Each structure stands twice: as C-alpha cells, then as structure tokens.
Amino acid sequence: MTQEMQFKTIAAQYCKVKPEEMTEDMRFREDLGFSSLDFMSFLGELEDTFDVELEEEDAVQVLTIAEALELLERLRG
C-alpha cells in the first residue's frame, strides 16, 4: 500500500468518505467533516503509523489532504 493510500485509509476512519474517493484538494473540516478532536486523534495515529513527530504549529496550518501529505513527506525525509 502506498503512503498516500495508507494516509487516506486512516483518514477514512474519521469521516464518511472512502479512501478511493478522497482528492488532494479536500479539506479536513469542510469536506471530510473532521471535528477538532477527530483531527487530533488522526494526527496521533499518523505519528504512530509513519513514525514521525508532528509539531502542533505545523499541524494546525494543514487544511487539505495535499498539505498533510506534503508535511508527512518532509518529516519522513
């Protein structure tokens, strides 16, 4: 499974959108319906799955799937 599909599979646990229907321009709150608690839980799961540490100031700036994937790619080096 690709990193992007793994990411989308995790995100799908917090919303009603299937991973294969997610597009990179979708926003977590507006398009996927994430609450603040959903987003924080999601970030924790990303940290565990991809073995990265997300800084809060970086994470709060992430609005779309594309932005989150870019941040994840930077952190994984």
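Here's a quick tour of this protein, from its overall fold down to one of its helices.

First off, what you're looking at is a predicted model. The secondary structure is easy to take in: the protein has four helices and zero strands. Reading from the N terminus, the order is simply α-α-α-α. The protein is as compact as a globular protein of 77 residues, because its radius of gyration of 11 Å is close to the 11 Å from the globule rule.

Here are some whole-protein numbers in one place.

| Property of the protein | Value |
|---|---|
| Span of the C-alpha trace along the principal axes | about 30 × 25 × 20 Å |
| Share of the 77 residues that count as buried | 39% |
| Exposed area | about 4900 Å² |
| Part of the exposed area from carbon and sulfur atoms | 46% |

How do the contacts run along the chain? Take the contacts between residues at least 6 apart in sequence: 52% of them join residues at least 24 apart.

Now for charge. The protein carries 20 negative side chains and 7 positive ones. The centres of these two sets sit 7 Å apart.

Let's zoom in on helix α1, which covers residues 3–12. Which of its residues are buried? They are Q3, F7, K8, I10, A11 and A12. And what do the buried residues of α1 pack against? Their partners are α2 (36–50) and α4 (65–76).

Key:
Residues are numbered from 1 along each chain as its sequence is written. This is a predicted model: local features need pLDDT of at least 70, side-chain atom pairs count only at pLDDT 80 or more; totals for chains, interfaces and linings use all residues. Side-chain values use heavy atoms; hydrogens and water are left out. Helices (H or I, at least four residues) and strands (E, at least two) are DSSP runs, numbered from the N terminus. The radius of gyration is taken over C-alpha atoms; the globule rule is 2.2 Å times the number of residues to the power 0.38. Buried means under 20% relative accessible area, exposed over 50%, partly exposed in between (1.4 Å probe, protein chains only). Contact means heavy atoms within 4.5 Å. Accessible areas come from the Shrake-Rupley method with a 1.4 Å probe; for residues, only the protein chains shown count as cover. Lys and Arg count as positive and Asp and Glu as negative; His and the chain ends are not counted. The place of a charge is taken as NZ of Lys, CZ of Arg, CG of Asp or CD of Glu.
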